[in-house]
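Trainee: I have a model open on my screen. Could you teach me how to read it, one feature at a time?

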Amino acid sequence: MALGLIALLSGCGGDVAQPNGPAGDQRSLEIWAHAGREEERRTLEAQIDRFRAERPEVRVDLTWIPEGSYNGQVQAAALAGRLPDLLEFDGPYLYSYAWQGHLKPLDERLPERLRKDLLPSIVAQGTYRDGLYGIGTFDSGLGLWGNRARLQAAGARIPDGPGDVWSGDEFDALLEHLAHDDPDGQVLDLKLNYTGEWFSYAFSPLLQSAGGDLVDRAPGGLASGTLDGPESVAAMAAVQSWIRRGRVDPNLDDAAFAQGRVALAWGGHWNFPGYHAALGDDLLLLPLPRLGETMVTGQGSWQWGITRRARDPELALAFIAFLLRPEEVLAMSEANGGVPATRSAVQKSQAYGPGGPLRLFARQLEEGYARPRPRTPAYPVISDAFARAFQDIRHGAEPVQALGWAARRIDREIRDNRHYPDVAEAAR
């Protein structure tokens, strides 16, 4: 079996001979996945069919779980000892699942060749403390969408990559220049109509570019002094000034950019189809502005992990390796628009490869401009606290006060859980 697994995984970039079990034996794999978009569901089902065709001795049982109740159902199954072999989960929950002891570390099982093919952002997102517990087959992209015609009319300098971005002052001046020729002065869409994790995903990079963050990322770190520190406060004060000066469209109809009401839109890879249909060759993909020395962008999406209760961990890892073949990574990327998770797939991607319209998103992830979510089980509380603070700041609250409240709430969560000691240590 060990030799067969090595043969399987070492060939993850191409066709691989799969070992069969003894005659009459049937190995099984139970998989839970989120019921996302229809295209994603169809793609995963087709991938499972192709895996079954190569491994006829394997029975694969797939269960779809609604995205809205996914974490609750996983936690209930964990308490009941009923987790599947292979589990899909969104980035924010990996750290809780790993801390609670529900996932097997993948480090010793993952061949070096496969690990090196993963984008750095995929490895960063899947790592909790010193172990790799999750692997995604796609990642996300965050940047600015621009209307080429309007930016050129304003004489704007067009950044040519993540190392050549607008500074905070340059971006501020550009907003004013664009507003001069705009009927209502609203020239920027921040997706204020979005909810939930959007705010921490989209705007914590601004804090980080200024030298702040959502929480101190050192072991045992808290939010106080970081989330409400001068750098983070200055970043949120900048956002508040854009809103106060009337430069931000509330985007209630989610059409501010596509209809041409604004020249710039904060957004991600999922906006591309609609924006390209609306603007065609006038659509520009640009990096976020920087408020400090360098630009920072967001990253992260759904991942796969092997549970502690997996009956056949080698088979579960073989399935993950199958999903990471370039052709399978590209199949899912084409279905949901996400950034391919491996370097080999990125190079073959028409959208994200050299010369592709979304190449910037891949460059940001490959070249180290992306920052993972805070890798702590407290992340859901961190994200919610920041989202509430963002809304208060949007409506006029002083940034230092709103961020201070959020920091204290986060610190209570971390302290109440004793800074999340290892499960074994907590049991002592």
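Mentor: We will go through confidence, a sheet, aromatic rings, empty spaces and a few single residues.

Mentor: This is a predicted model: local features need pLDDT of at least 70, side-chain atom pairs count only at pLDDT 80 or more, and totals for chains, interfaces and linings use all residues. Residues are numbered from 1 along each chain as its sequence is written, and side-chain values use heavy atoms, with hydrogens and water left out.

Trainee: What is the mean pLDDT of the protein chain?

Mentor: First the idea. pLDDT is the predictor's confidence in each residue, from 0 to 100. Here the mean for the protein chain is 92, and 93% of its residues reach 70 or more. Residues 1–24 are below 50; this stretch has 34 contacts beyond near neighbours in sequence. A contact means heavy atoms within 4.5 Å. Residues 424–428 also stay under 50, with two contacts in the model beyond four places in sequence. Where pLDDT is low, the predicted coordinates should not be read in detail.

Trainee: On to the sheet. In what order do its five strands lie?

Mentor: Strands of a sheet pair through backbone hydrogen bonds, either parallel or antiparallel. Helices (H or I, at least four residues) and strands (E, at least two) are DSSP runs, numbered from the N terminus. Two strands pair if DSSP finds at least two bridges between them. In this model the order is 9-8-10-7-11, in an open sheet with mixed pairing. Strands 9 and 11 stand at the edges with a single partner strand each, so one side of each has no neighbour in the sheet.

Trainee: How many bridges join strand 7 to strand 11?

Mentor: Four, and the two strands run antiparallel. Strand 7 covers residues 142–147. Gly146 has Leu284 of strand 11 as its bridge partner, and Asn147 stands opposite Leu283.

Trainee: Are the leucines of strand 11 buried or exposed?

Mentor: Buried means under 20% relative accessible area, exposed over 50%, and partly exposed in between (1.4 Å probe, protein chains only). Strand 11 spans residues 283–286. Leu283 and Leu285 are buried on one side, Leu284 and Leu286 on the other, and both faces are covered.

Trainee: Now the rings. How many aromatic pairs does the rule count?

Mentor: The rule comes first. Rings of Phe, Tyr and Trp (its six-membered ring) pair if their centres lie within 6.5 Å; planes under 30 degrees apart count as stacked, over 60 as edge-to-face and the rest as tilted. The count is 25 pairs. One is Tyr194 with Trp198, edge-to-face at 5.0 Å centre to centre and 75° between the planes. Both Tyr194 and Trp198 are buried. They belong to an aromatic cluster whose members include Trp166, Phe171, Phe199 and Tyr201.

Trainee: What about empty space? Which residues lie closest to the centre of the largest pocket?

Mentor: Picture a 1 Å grid over the protein atoms alone. A cavity is a set of points where a 1.4 Å probe fits but cannot get out; a pocket is an open set with protein on both sides within 12 Å along at least five of seven lines; lining residues have an atom within 4 Å of a point. Points are joined across faces, edges and corners, and a volume is the space filled by probe spheres set on them. The largest pocket holds about 1,000 Å³. Of its 37 lining residues, Glu67, Asp90, Glu197, Trp302 and Arg373 are closest to the centre. Helix 16 gives the largest share of the lining, five residues.

Trainee: And how many cavities of 30 Å³ or more does the search find?

Mentor: Three. The largest cavity has a volume of about 150 Å³. Its lining has 17 residues, and Leu44, Glu88, Phe138, Trp304 and Met332 lie nearest the centre. Helix 2 gives the most, four residues.

Trainee: Last, the backbone. Where is Asn251 found?

Mentor: Most residues other than glycine have a negative phi, and most peptide bonds are trans. Asn251 sits in the loop between strand 9 and strand 10, and its phi is positive, near 60°. Asp254 is found in that loop between strands 9 and 10 too, with a positive phi near 55°. Asn251 is buried, at 0% relative accessibility, whereas Asp254 is partly exposed at 42%.
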